[in-house]
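Thanks, everyone. Let me put the model up, and then I'll walk you through it.

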Amino acid sequence: MSRDDRPHPRLLEQAHIEPADVDGVRAVTVGTIAWAVAFLALLPFAGRLRDAGADWWLWTCLTGAGLGVIGSIYCRRRRARLRRPDAD
């Protein structure tokens, strides 16, 4: 039996796993809360951040929280649409 005639072990085996039923609401909500908490934690240091030229940290956190609110609204509407009986 030559080397090429031997059976090769499968290096990668794909397991049959059902896809997770994730609508994104929890992930977006947690992220939004994290950005809001970071904003509130940095708020007392706004003067120091401004003096150091790093006040963009505050605005980044506020932007993350704001976009998270928009994302949360989108995900909740999407979840409601997917749960309707007439949804495909």
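Start with helix H3, residues 56-83. It has 28 residues, and at 1.5 Å a residue it should span 40 Å. The C-alpha atoms at its ends are 40 Å apart, so expectation and model agree. And keep in mind that this is a predicted model.

Now the wider layout. The chain has 3 helices and 0 strands. Read from the N terminus, the order of elements is α-α-α. Of the chain's 88 residues, 18% count as buried. Now take the contacts with a separation of 6 or more: 61% of them join residues 24 or more positions apart.

Back to H3. Which of its residues are buried? They are Leu58, Cys61, Gly64, Ala65, Gly68, Gly71, Ser72 and Cys75. And what covers them? The cover includes helix H1, residues 25-42, and helix H2, residues 46-52.

Take one residue from that list: serine 72. It sits in helix H3. Its relative accessibility is 13%, and the cut-off for buried is under 20%, so serine 72 counts as buried. What does serine 72 touch, once we set aside neighbours within four places in sequence? Val28 and Thr29. Both numbers fall within 25-42, the range of helix H1.

Next, the aromatics. The structure holds 1 aromatic pair. The partners are tryptophan 56 and tryptophan 57, and the geometry is edge-to-face. Centre to centre they are 6.0 Å apart, with 85 degrees between the planes. The cut-off for edge-to-face is over 60 degrees, so 85 qualifies. How accessible is tryptophan 57? Its relative accessible area is 40%, and partly exposed runs between 20% and 50%, so tryptophan 57 is partly exposed.

Last stop, the largest pocket. Its volume is about 240 Å³. Which elements give two or more residues to the lining? H1 and H3. H3 gives the most, with 4 residues. Here is the lining, in sequence order. There is a run of Asp21, Val22, Asp23, Gly24, Val25, Arg26 and Ala27. Then come Arg78, Arg79, Leu82 and Arg83. By class, that makes 6 charged, 4 nonpolar and 1 polar.

To recap: H3 matches its expected span, its buried residues have H1 and H2 among their cover, and H3 gives the most residues to the lining of the largest pocket. Over to you for questions.

Conventions. Residues are numbered from 1 along each chain as its sequence is written. This is a predicted model: local features need pLDDT of at least 70, side-chain atom pairs count only at pLDDT 80 or more; totals for chains, interfaces and linings use all residues. Side-chain values use heavy atoms; hydrogens and water are left out. The expected span of a helix is 1.5 Å times one less than its number of residues. Buried means under 20% relative accessible area, exposed over 50%, partly exposed in between (1.4 Å probe, protein chains only). Contact means heavy atoms within 4.5 Å. Rings of Phe, Tyr and Trp (its six-membered ring) pair if their centres lie within 6.5 Å; planes under 30 degrees apart count as stacked, over 60 as edge-to-face and the rest as tilted. On a 1 Å grid over the protein atoms alone, a cavity is a set of points where a 1.4 Å probe fits but cannot get out, and a pocket is an open set with protein on both sides within 12 Å along at least five of seven lines; lining residues have an atom within 4 Å of a point. Grid points are joined across faces, edges and corners, and a volume is the space filled by probe spheres set on the points. Ala, Val, Leu, Ile, Met, Phe, Trp, Tyr, Cys and Pro count as nonpolar, Asp, Glu, Lys and Arg as charged, and the others, Gly among them, as polar.
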